[in-house]
Structure formats: C-alpha cells, structure tokens
Amino acid sequence: MHSSKRAILQKRLLRWYEENRRDLPWRNVADPYAVWISEVMLQQTQVQSVIPYYGRFLKKFPNIPALANAGTDAVLRLWAGLGYYSRARNLQAAARIIVERFGGAFPGNYADILALPGIGRYTAAAIASIAFGQAYAVVDGNVSRVLTRLLGISGEPKSIAVQSRLWEAAQRLLPASRPGDFNQAVMELGATICTPRQPECSSCPWTRHCWARQQGRQESLPEKARGGPARKSHQAAVVVRHRGRYLILRRSSQRLLKDFWEFPSVELHNRQTASEMAARLASEACGLKINSVEPLMTVKHSITTRRIELQVFQAEVERGAILEPNAPGRRWVGLKDLGRYAFASAAQRILAELRKSSGAASRTT
DNA sequence: AAAGCGGGGTC
DNA sequence: GACCCAGCTTT
C-alpha cells in the first residue's frame with residue numbers, strides 16, 4: 001500500500017473514531033493497571049458482558065498491590081459468571097510478579113508485558129499502545145474481519161498464514177502517533193460498522209478503499225471457520241437441605257471450574273435416570289439414606305464444546321439426622337451465606353431459584 | 001496445529 | 001441450532 005493512501009486511511013478512521021466512539025468505562029483511562037484489567041476481561045468476551053464486572057473489580061481491587069494481596073477466592077468470586085477463569089488466576093499471579101519484580105509498577109516495556117501470565121500478543125500490544133503510547137498494532141477478531149475485507153485476504157482467518165499476514169498488515173497501517181486510539185478505532189469499527197453479518201458499509205470511513213466492498217463480497221469475508229457440533233451432556237444435581245442449610249462441594253480435582261463450589265452433581269450415562277442418580281448422590285454426599293428427591297428445575301447451559309442439560313432435584317434430610325461435618329471441600333451453608341462462595345453460572349441459576357422459592361415461602365408464612 | 005477453556009448475545 | 005466475541009495456554 002502506498003504511504004499516501006495509508007495516511008488517508010489513518011486520518012479518516014481517527015476522525016470517524018472521534019465522532020462515533022462509544023462511551024465505555026475504560027475509555028480515557030490512562031492507568032496501565034485499569035487498561036490491563038479491561039483488556040483481560042475483554043478477551044473473548046463481549047463489551048456488554050464486561051461492563052458490570054469492570055467497575056466492581058476496580059472498586060474492590062483498586063491497584064496492583066491490592067490484587068496481589070487478595071485471596072484467590074475473593075478474586076474468583078468477583079469473576080464468577082464471566083467465564084475463562086484462568087484469566088482471574090493469571091491476573092493475580094501477574095500482579096504478584098509485578099510487585100516482586102517491578103516494585104508494584106506496571107512495566108512499560110513490551111517484552112516485559114508479554115512475559116506476564118495471561119498476556120499474549122494481543123493484550124501486550126493493547127496495553128503498550130493504549131497505556132504507554134507505543135506503536136504496537138493489535139489483531140483481534142474485529143481487526144481480522146476489518147482487514148480481511150479491506151485488503152481482500154482469503155483463507156481461514158485463524159490459520160497461522162493468515163494471522164501472520166494480518167499482524168503485518170495491522171502494523172504497517174498503524175500510525176506512529178496515537179497508536180492506542182488507532183488500535184481502538186479499528187476494533188470499534190469492527191464492533192459497530194464492519195460487523196460479521198450485514199456490515200453497514202454506507203457509514204464506513206473506509207468504504208471507498210475497501211476491497212471487499214468494491215467486489216460486493218463484504219459478507220463472504222472473512223472465510224468461516226468450521227467447528228464440529230457441540231457434544232451433548234446430561235447431568236443430574238441435587239440440592240440437599242438440612243434445617244435451612246445446604247450442602248455444597250468444592251471442585252478441587254477437576255481442571256474445569258477448579259475451586260468453584262457447586263451442588264453435588266454427576267454425569268448421566270446410558271440408561272441412568274436423573275432422579276435415581278440424584279437420590280444416590282444425595283445419600284452418598286451426606287452419608288444418609290435419602291428416601292425421596294423432588295424435581296426442582298432444569299438448567300440448560302452451553303460451554304464451548306458442550307451443551308449441558310442439568311436436571312436439578314431437592315432433598316430434605318430428616319431433622320434428627322446426624323450429619324457428616326463440614327470438611328475441606330464440603331460445607332453446610334445457610335442461604336444468606338451462600339453469597340460468600342464462588343459459584344459459576346449453572347450453580348448461580350440454581351441459587352437464584354432457591355432464593356426465589358425461599359422468598360416466596362417466607363412471604364406466605 | 002489443534003484442543004480446551006465459559007458464558008452470553010444474536011440471528 | 002450455529003456463529004461470534006478487545007485470546008491464552010496446553011498438548
């Protein structure tokens with residue numbers, strides 16, 4: 001691309017950005033720590049999902065030492081529901097490294113940033129450009145879409161070959177001045193105008209220079225990646241109650257959702273019925289014979305490669321029963337105190353149902 | 001190079 | 001349903 005055309009593209013996009021950018025909580029933020037938090041939360045996560053978490057997190061952990069000194073459970077609790085929980089673990093691990101190695105000040109050197117856990121090429125470039133004004137281009141899903149269309153890049157967008165071309169193109173396009181604004185402008189264009197379906201080319205500052213637009217191919221680029229169908233999973237869970245307290249277990253051995261709490265649950269195989277397995281779970285979990293379980297609700301949720309249908313039952317333990325006591329990884333907890341534990345989304349849905357029915361019960365009594 | 005990792009929004 | 005999202009890490 002000719003340098004004069006590059007200058008036109010830069011100027012037009014930056015002007016468009018100034019006039020059209022959304023007002024988001026992390027705009028006009030100079031603190032590298034806050035930029036870092038926002039970028040990590042935004043990894044594979046849409047803006048609207050991040051907004052409520054961002055403010056809460058910064059309020060609870062306003063600076064790097066606060067995050068470094070926090071307990072893991074407190075961090076996970078604030079992240080609960082946002083997904084990809086290794087992000088939260090890495091965030092804290094990185095905060096501790098920054099305290100030890102950089103005296104608590106976020107490093108301004110690209111290689112140092114990239115070396116932190118949970119920070120890859122995208123996030124390192126985003127922080128370096130936005131927080132430190134350094135000319136490192138970013139390529140995310142938005143930028144990939146915008147540039148494949150602008151430049152007419154075919155091929156699987158996630159392939160090494162295409163990614164390599166995209167990073168090069170993005171870096172060539174990046175102006176030396178205001179690289180942070182420019183990076184955000186390309187992403188903003190992809191998020192609001194150059195969308196996956198039905199892009200609004202008539203409002204795009206690059207429409208006259210766009211290869212795909214000229215070819216009428218803006219909806220056939222980038223090429224679609226083909227993923228297999230999500231596997232189905234059928235699970236049963238049981239809410240065991242005893243004198244107003246509920247039994248919860250901590251996921252300690254599994255890699256998935258490690259350290260989160262949940263109600264006892266099991267994957268159903270073959271012809272196992274949910275109610276039968278729920279009764280068995282309840283008996284095993286509290287060491288008592290449970291006579292009857294009643295259906296409570298069905299939770300459907302999907303995680304990347306699985307679609308899960310979770311049938312939830314409830315069981316009441318006899319008042320006079322002697323329970324196995326609390327132990328590491330198992331607790332009997334009252335409804336009010338359940339808020340102090342980290343629950344991922346499926347368990348939170350159950351929790352919401354318990355609160356609802358308990359509220360209804362207390363209103364009628 | 002491919003898979004695993006969560007969850008929600010959208011069409 | 002399938003696709004997508006301000007990706008990173010492990011295998």
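**Close-up views of a predicted protein–DNA model**

**View 1. Helices at DNA strand C.** Helix 8 and helix 9 (141-151) each contribute at least two residues to the surface near DNA strand C, helices (H or I, at least four residues) and strands (E, at least two) being DSSP runs numbered from the N terminus. A residue counts as near a strand if one of its heavy atoms lies within 4 Å of it. The model is predicted: local features need pLDDT of at least 70 and side-chain atom pairs count only at pLDDT 80 or more, whereas totals for chains, interfaces and linings use all residues. Residues are numbered from 1 along each chain as its sequence is written, chains are lettered from A and ligands numbered from 1 in the order in which they are written, and side-chain values use heavy atoms, with hydrogens and water left out. DNA strand C is surrounded by 25 residues, of which Gly118, Asp140, Asn142, Arg145 and Arg226 are the closest. Of the atoms of this strand that come within 4 Å of the protein, 66% belong to sugar and phosphate.

**View 2. Polar contacts to DNA strand C.** A polar contact is a pair of N or O atoms within 3.5 Å; within protein, one must be able to donate a hydrogen and the other to accept it, and residues adjacent in sequence count only if both atoms are side-chain atoms. An N or O atom in the side chain of glutamate 39 lies 3.2 Å from a base nitrogen of DNA strand C. A polar backbone atom of glutamine 44 is 2.8 Å from a phosphate oxygen of DNA strand C, and a polar side-chain atom of glutamine 46 is 3.5 Å from a sugar or linking oxygen of that strand.

**View 3. Surroundings of DNA strand B.** Around DNA strand B there are 20 residues, with Tyr84, Ile160, Leu256, Thr304 and Ser345 coming nearest. Strand 5 (residues 294-303) provides the largest share of the surface near DNA strand B, three residues. Glutamine 44 also has a backbone N or O atom 3.2 Å from a base nitrogen of DNA strand B; for leucine 82 the corresponding distance from a backbone N or O atom to a base nitrogen is 3.3 Å. In the side chain of tyrosine 85, an N or O atom lies 3.0 Å from a phosphate oxygen of DNA strand B.

**View 4. Nonpolar cores.** A nonpolar core is a set of buried Ala, Val, Leu, Ile, Met, Phe, Trp, Tyr and Cys residues joined through side-chain atoms within 4.5 Å; buried means under 20% relative accessible area, exposed over 50%, and partly exposed in between (1.4 Å probe, protein chains only). The largest core has 81 residues, and Trp36, Ile37, Phe57, Leu67 and Trp206 have the most contacts inside it. Helix 8 (residues 121-132) gives the most to this core, eight residues. Because domain 1 (3-220) and domain 2 (231-320 + 327-364) both give residues to this core, it lies between them; the domain bounds come from an automatic or database domain assignment. A second, separate core of 22 residues includes Leu310, Phe343, Ile350 and Leu351.

**View 5. The two domains of chain A.** The centres of domain 1 and domain 2, taken over C-alpha atoms, are 38 Å apart. Eight residues of domain 1 are in contact with 14 residues of domain 2, contact meaning heavy atoms within 4.5 Å.
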